[in-house]
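Please walk through the fold of this chain, beginning with its sheet and ending with its cysteines. Explain how the parts are placed against one another.

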Amino acid sequence: MGDYICGFLCGGHQYAKRKQLQTVELKVRMDCEGCELKVRNAISSMTGVQSVDINRKQNKVTVTGYVEQHKVLKKVQSTGKRVEIWPYVPYNLVTHPHGAQIYDKKAPPGYVRKVEVVTLSSQPLRQDDLLTNLFSDDNPNACSIM
């Protein structure tokens, strides 16, 4: 009944919810300038795209605009390129970057794989824990001052 009244009073128009400005990061396999141009043209043709930044060395595409992540992903897939959501986070944001599921040889320098880590303790991580990890024997990138 409410929809009928609103449809009658509002003129029957259904207003779409406005998309929010967001940044979509993708990992796209690109070998040459032709691949890069193909991906850039496909994304730029989408409505709502404000900027496209491509880093071919890292195979990273960053799209900013009023777009939805899954639509950008499908658009890049339509070019025939292998694509996935950017799976990495900066190394310094991870508590234990040397973990088996987190370390990835294919990750760009300074990045590790993004993995949801479940901690068993209810205590939040302290800054001291992060500093202790810098000098841990378990950390292959630890400071080795002796």
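Two strands count as paired if DSSP finds at least two bridges between them. With that in mind, Lys27 stands opposite Glu84 in strand 4. The model is a predicted one, and the pairing of its strands is a convenient place to start.

Strand 1 (22-28) and strand 4 (83-85) pair in the antiparallel sense over three bridges. Besides the pair just named, Leu26 has Ile85 of strand 4 as its bridge partner. Strand 1 also pairs with strand 3, again in the antiparallel sense, over six bridges. Here Glu25 stands opposite Thr62 in strand 3, and the partner of Val24 in strand 3 is Val63.

Strand 3 (60-65) is in turn joined to strand 2 by six bridges, and these two strands run antiparallel. Ser51 has Thr64 of strand 3 as its bridge partner. Strand 2 and strand 3 form a hairpin with four residues between the strands, and in this hairpin Asn59 takes a positive phi near 55°.

Put together, the four strands form an open sheet in the order 2-3-1-4, with antiparallel pairing. Strand 2 and strand 4 are the edge strands, each pairing on one side only. From one strand to the next, the twist averages 25°. Strands of a sheet pair through backbone hydrogen bonds, either parallel or antiparallel.

How many of the six residues of strand 3 are buried? Six of the six are buried, so strand 3 is largely enclosed by the rest of the structure. The burial applies to both directions in which its residues point: Lys60, Thr62 and Thr64 point one way, Val61, Val63 and Gly65 the other way, and all are buried.

The helices come next. Helix 2 lies across strand 1, strand 2 and strand 3, and runs at about 165° to strand 2. Helix 3 lies across strand 1, strand 3 and strand 4, and runs at about 35° to strand 1.

Which residues of helix 3 are buried? In this helix, residues 69-77, they are Val72, Leu73 and Val76. Seen down the axis of helix 3, these buried residues fall within an arc of 100°, so they line one face of the helix. In general, an α-helix has 3.6 residues a turn, so residues three or four places apart point the same way. The cover over the buried residues of helix 3 includes strand 1, strand 3 and strand 4, and also helix 2 (33-44).

Charged side chains add further links, and the structure holds four salt bridges. In one of them, the side chains of Lys60 and Glu25 meet at 3.3 Å, N to O. Lys60 lies in strand 3 and Glu25 in strand 1, so the pair ties together parts that are 35 residues apart in sequence. Lys60 is buried, with a relative accessible area of 11%, whereas Glu25 is partly exposed at 31%.

Another salt bridge is found within helix 2, where Arg40 pairs with Glu36, the closest N and O atoms being 3.4 Å apart. Arg40 and Glu36 are four residues apart in helix 2, so about one helical turn separates them. Arg40 counts as partly exposed, at 27% relative accessibility.

Glu36 also meets the side chain of Arg56 in a salt bridge (3.3 Å, N to O). This pair links distant parts of the chain: Arg56 is in the loop between strand 2 (49-55) and strand 3, while Glu36 is in helix 2, 20 residues apart. Arg56 is partly exposed, with a relative accessible area of 30%. Through salt bridges that share partners, Glu36, Arg40 and Arg56 are joined into one network.

The cysteines remain. A disulfide is a covalent bond between the sulfur atoms of two cysteines, and this structure holds zero disulfides. Cys32 is in no disulfide, its nearest cysteine sulfur, that of Cys35, being 3.5 Å away.

Why is there no bond from the sulfur of Cys35 to that of Cys32? The cut-off for a disulfide is a pair of cysteine sulfur atoms within 2.5 Å. At 3.5 Å from the closest cysteine sulfur, in Cys32, the sulfur of Cys35 is too far for a bond. As for their surroundings, Cys32 is partly exposed, with a relative accessible area of 36%, whereas Cys35 counts as buried at 10% relative accessibility.

How values were computed. Residues are numbered from 1 along each chain as its sequence is written. This is a predicted model: local features need pLDDT of at least 70, side-chain atom pairs count only at pLDDT 80 or more; totals for chains, interfaces and linings use all residues. Side-chain values use heavy atoms; hydrogens and water are left out. Buried means under 20% relative accessible area, exposed over 50%, partly exposed in between (1.4 Å probe, protein chains only). The arc is that of the directions from the helix axis to the C-beta atoms. Contact means heavy atoms within 4.5 Å. Axes are lines fitted to C-alpha atoms, for helices over the stretch in contact, and angles run from 0 to 180 degrees between N-to-C directions.
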